[in-house]
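Student: Could we go through this structure by asking what justifies each descriptive term?

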Amino acid sequence: MALQDLVLRLTELGFAEWEAKAYLALLQRSPVTGYQVSKDSGVPRSMVYQVLGKLVNRGAALITHDGDGVLYAPVPPGELMERLQREHARLTDGLKRDLAQVSQHSDEEYVWRIEGYDNVLAHAWKLIERAERDLYAQIYAEEFVHLRPAFEASAARGVNIGLATVGEVQFPAGRVVELPVTEAFGEAAAFALLLVADRNEMLLGERGPTEQARASWTRNRHLATIVEGHVRGALLIPLLYRRLGADDVLSAMPGGERELMEALLDRDKLARLLERTESKSHSQDGSE
């Protein structure tokens, strides 16, 4: 493993770059003098004792006197990481409590935008955790792998789960239907995700082949109801296609029902439907 990668990862834990380099040098040879640490790590001699002092203060290094000189050694990595984990847990627990006391309640009727694949999956995970009665999802098999533990925990709590999947998914704890998605549709989106919990909260995520993943999240009940209907309708698609065929399914759909059925395999059309519904719900709220 490259030392520079370890330096970067230590800085992500709060070490300064020179502190990380000095600690790694101590791991490779100790006990040593500050002069030797400077030589091994590349930390300037004019700064090495200040850097080593910071390592000692943060509990990452030990110091002893050898005659007229001073020697340094590292705290073992396992011991250091365990202490950092405890400190991090204590800090985050305290912040969670204290920030909740000062935070204002935001208007959850708005549709909020989430950027980045990891952030989208993190919000999806929390939505799944908050489900109490029903949880419906239209999901690619790849994203289900990431979210499976959250789905399993919800199912264990007695949440009713229905999944319309793009790709094969094995999930005995819920109802799973694999959508008859065309190859062209499957290639159009590198990532797409619909989640709705208890007709109260929904997340719509997507990313094209060359785009950053993004999602819309809301607790607008009007939109959540629409999305739940969308996913529940998607669960019927394979049966309808097997019985009637694609052309007959669409020809049997009048007006808005046909538009919704087509939207089940067209993310852009679904987004337009949601935008119209959102605008209608806000105008209705304003007139009341």
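**A pocket and two helix pairs**

Tutor: The second largest pocket is lined by L6, R9, L10, L13, Y23, L24, L27, P77 and M81, and helix 1 (3-12), helix 2 (17-28) and helix 5 (77-102) each give two or more residues to that lining. This is a predicted model, in which local features need pLDDT of at least 70 and side-chain atom pairs count only at pLDDT 80 or more, while totals for chains, interfaces and linings use all residues. Residues are numbered from 1 along each chain as its sequence is written, and side-chain values use heavy atoms, with hydrogens and water left out.

Student: What makes the lining of the second largest pocket nonpolar, polar or charged in its residues?

Tutor: Ala, Val, Leu, Ile, Met, Phe, Trp, Tyr, Cys and Pro count as nonpolar, Asp, Glu, Lys and Arg as charged, and the others, Gly among them, as polar; the lining accordingly divides into eight nonpolar, no polar and one charged.

Student: Why are helix 1 and helix 2 called oblique to each other?

Tutor: Their axes come within 9 Å and cross at roughly 125°. Angles under 35 degrees count as roughly parallel, over 145 as roughly antiparallel, 65 to 115 as roughly perpendicular and the rest as oblique, and helix 1 and helix 2 are therefore oblique.

Student: How do you know which term suits helix 6 and helix 7?

Tutor: The axes of helix 6 (residues 117-130) and helix 7 (residues 141-156) cross at roughly 25° and come within 9 Å, which makes helix 6 roughly parallel to helix 7.

Conventions: On a 1 Å grid over the protein atoms alone, a cavity is a set of points where a 1.4 Å probe fits but cannot get out, and a pocket is an open set with protein on both sides within 12 Å along at least five of seven lines; lining residues have an atom within 4 Å of a point. Helices (H or I, at least four residues) and strands (E, at least two) are DSSP runs, numbered from the N terminus. Axes are lines fitted to C-alpha atoms, for helices over the stretch in contact, and angles run from 0 to 180 degrees between N-to-C directions.
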